[in-house]
There are 2 protein chains.
Amino acid sequence: MSEYPPFAVTVDLVVLTIRADGLAVLLIRRGVPPYEDAPALPGGFVRVDEDLPRAAERELAEETGLTGAAAHLEQLGTYGTPDRDPRGRVVTVAYLALLPDLPAPVAGTDAAGAEWLPVARARNLAFDHDRILADGLERARAKLEYTPLATAFCPPEFTVAQLRTVYETVWETRLDPRNFHRKVTGTPGFLVPAGRATEGERGRPAQVFRRGPATALHPPIIRPTPDR
Amino acid sequence: MSEYPPFAVTVDLVVLTIRADGLAVLLIRRGVPPYEDAPALPGGFVRVDEDLPRAAERELAEETGLTGAAAHLEQLGTYGTPDRDPRGRVVTVAYLALLPDLPAPVAGTDAAGAEWLPVARARNLAFDHDRILADGLERARAKLEYTPLATAFCPPEFTVAQLRTVYETVWETRLDPRNFHRKVTGTPGFLVPAGRATEGERGRPAQVFRRGPATALHPPIIRPTPDR
DNA sequence: ACAAAAGTGTTTTCCATACACCCATGT
DNA sequence: ACATGGGTGTATGGAAAACACTTTTGT
């Protein structure tokens, strides 16, 4: 093995959530060169005996305080241009993480330097992170159509209206609440009723749902056609 | 950098084509341990100053004799379980390559040990290549629906019937030739007429097409619903 | 003439959209 | 009572499936 060039391998995370001001990405500010003081995706080196998804989970936990499977986590892609890191040959495996807007504000974690930024204002990131973020956004937008991924942005129990807000935020569109309701409740395995309804809200109480067992949506939730 | 664990990085290729006996994958037979004599996906180590897609192209050229952009090539995913290679910590970036059935049988290349095997009989591959192959097949099947990827299995000029054979082979279904014809010719940017027709075939000559400029299909070519 | 494959027209069925309308709660 | 949001019913338009039918070649 020693005859082959050594690489450093990192994982970087595109962590997305939905907040009052729209879709937001978790960024850290770099404290050391290269790209000192620049915003960057959270990430770090993979350990010698660590699986890649495990490394991604660890980094996510370090930055958000989330333990285990509270978030959706999937591999996004690998970026390995020879000059992407001035320190040497570093290949990074990017992961996409989707989280509900956390009610508990990440107390007592290493997330000191991390902050949420609306995706529209996440620009001029360190390394090739602009591209990685763009790829992550594109992936999220596309997968909402044909997978139940939108539920990853919701807490364990949620209403149809909350789910619709996810679609409207990620896609930056408006959806007809009535047809949306019929679509998602009619797609097998997408949602299962939690058996209770909301209280104390304005208007008629809404049924509460949990994520269903489906891994793909048939039929898909079609994105409206402003160009495409 | 020296404080972080060194990894070896390889690229592995899932090279698919369509032959008379169906969908086939390019495999080599390993000549050295580990997994000596086992079939494996072609691949190799990434060089120090080599970009990842470039390494994939190089490996593809070495195994098939194909120069440059004669094939579709896309990143499939990265596999880095700590124990996946007994020789040490090796992370592999898998690429998916789609080729037309080559009329010229790869003369005079290093492809001595490489051979096409129907995907149904590609089993018990070295390392974690069974899983990588399965992921590649799944990716190819899914992307036929909403991208013009099927044309990557066709020569530069082809007929609608040839294209339909691609779909039928990859999906293992039958498609109505008449509705299929209408669909693909009616999808903007999918196909552009080459202006000529086939000769010397049985039946009425078919119009010849080339790949169009579209990168996504609207509407998609829907896969029939045997379960799903 | 006939077989074979390409391609078109037509009917039917289904689904998405649009939107009128009713329901259940807070104020 | 009224506003607010949840949820259902229904008409309509367009696309996809099913398939009859025509076209153009080789044998």
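## Two protein chains and two DNA strands

In this predicted model, a backbone N or O atom of B:Q207 lies 2.7 Å from a phosphate oxygen of DNA strand C. On the other DNA strand, a backbone N or O atom of A:Q207 lies 2.7 Å from a phosphate oxygen of DNA strand D. The points below take up each DNA strand, then a pair of helices in chain B, and finally the aromatic rings.

**DNA strand C**

- Around DNA strand C there are 21 residues, and the closest of them are A:N179, A:R204, B:A161, B:R182 and B:Q207; of the atoms of this strand that come within 4 Å of the protein, 55% belong to sugar and phosphate.
- A base is also approached, since a polar side-chain atom of A:R182 lies 3.1 Å from a base nitrogen of DNA strand C, while an N or O atom in the side chain of B:H181 is 3.4 Å from a sugar or linking oxygen of the strand.
- Two or more residues of the surface near DNA strand C come from each of α4 (177-186) of chain A and α3 and α4 of chain B, and α4(A) gives the most, with four residues.
- By class, the surface near DNA strand C divides into five nonpolar, five polar and eleven charged residues.

**DNA strand D**

- DNA strand D is surrounded by 21 residues, of which the closest are A:R182, A:G203, A:R204, A:Q207 and B:N179, and sugar and phosphate make up 52% of the strand's atoms that come within 4 Å of the protein.
- Phosphate oxygens of DNA strand D lie 3.2 Å from a polar side-chain atom of A:R202 and 3.1 Å from an N or O atom in the side chain of B:K183.
- The surface near DNA strand D receives at least two residues each from α3 (160-171) and α4 of chain A and from α4 of chain B, with α4(B) giving the most, four residues.

**Helices α3 and α4 of chain B**

- Helix α3 (residues 160-171) and helix α4 (residues 177-186) of chain B pack at an angle of about 105°, with their axes 10 Å apart, and α3(B) and α4(B) are therefore roughly perpendicular to each other.
- Where they meet, α3(B) brings B:V160, B:L163, B:R164 and B:Y167, and α4(B) brings B:P177, B:F180, B:H181, B:V184 and B:T185; by class, this contact has six nonpolar, two polar and one charged residues.

**Aromatic rings**

- Over all chains, the structure holds nine aromatic pairs, including A:Y4 with B:F45, whose ring centres are 3.6 Å apart and whose planes are at 5°, so the pair is stacked.
- This pair crosses between chains, with A:Y4 in the segment before β1 (8-19) of chain A and B:F45 in strand β4 (residues 43-45) of chain B.

Terms used: Residues are numbered from 1 along each chain as its sequence is written. Chains are lettered from A and ligands numbered from 1 in the order in which they are written. This is a predicted model: local features need pLDDT of at least 70, side-chain atom pairs count only at pLDDT 80 or more; totals for chains, interfaces and linings use all residues. Side-chain values use heavy atoms; hydrogens and water are left out. Axes are lines fitted to C-alpha atoms, for helices over the stretch in contact, and angles run from 0 to 180 degrees between N-to-C directions. Angles under 35 degrees count as roughly parallel, over 145 as roughly antiparallel, 65 to 115 as roughly perpendicular and the rest as oblique. Contact means heavy atoms within 4.5 Å. Ala, Val, Leu, Ile, Met, Phe, Trp, Tyr, Cys and Pro count as nonpolar, Asp, Glu, Lys and Arg as charged, and the others, Gly among them, as polar. A residue is near a molecule or strand if one of its heavy atoms lies within 4 Å of it. A polar contact is a pair of N or O atoms within 3.5 Å; within protein, one must be able to donate a hydrogen and the other to accept it, and residues adjacent in sequence count only if both atoms are side-chain atoms. Rings of Phe, Tyr and Trp (its six-membered ring) pair if their centres lie within 6.5 Å; planes under 30 degrees apart count as stacked, over 60 as edge-to-face and the rest as tilted.
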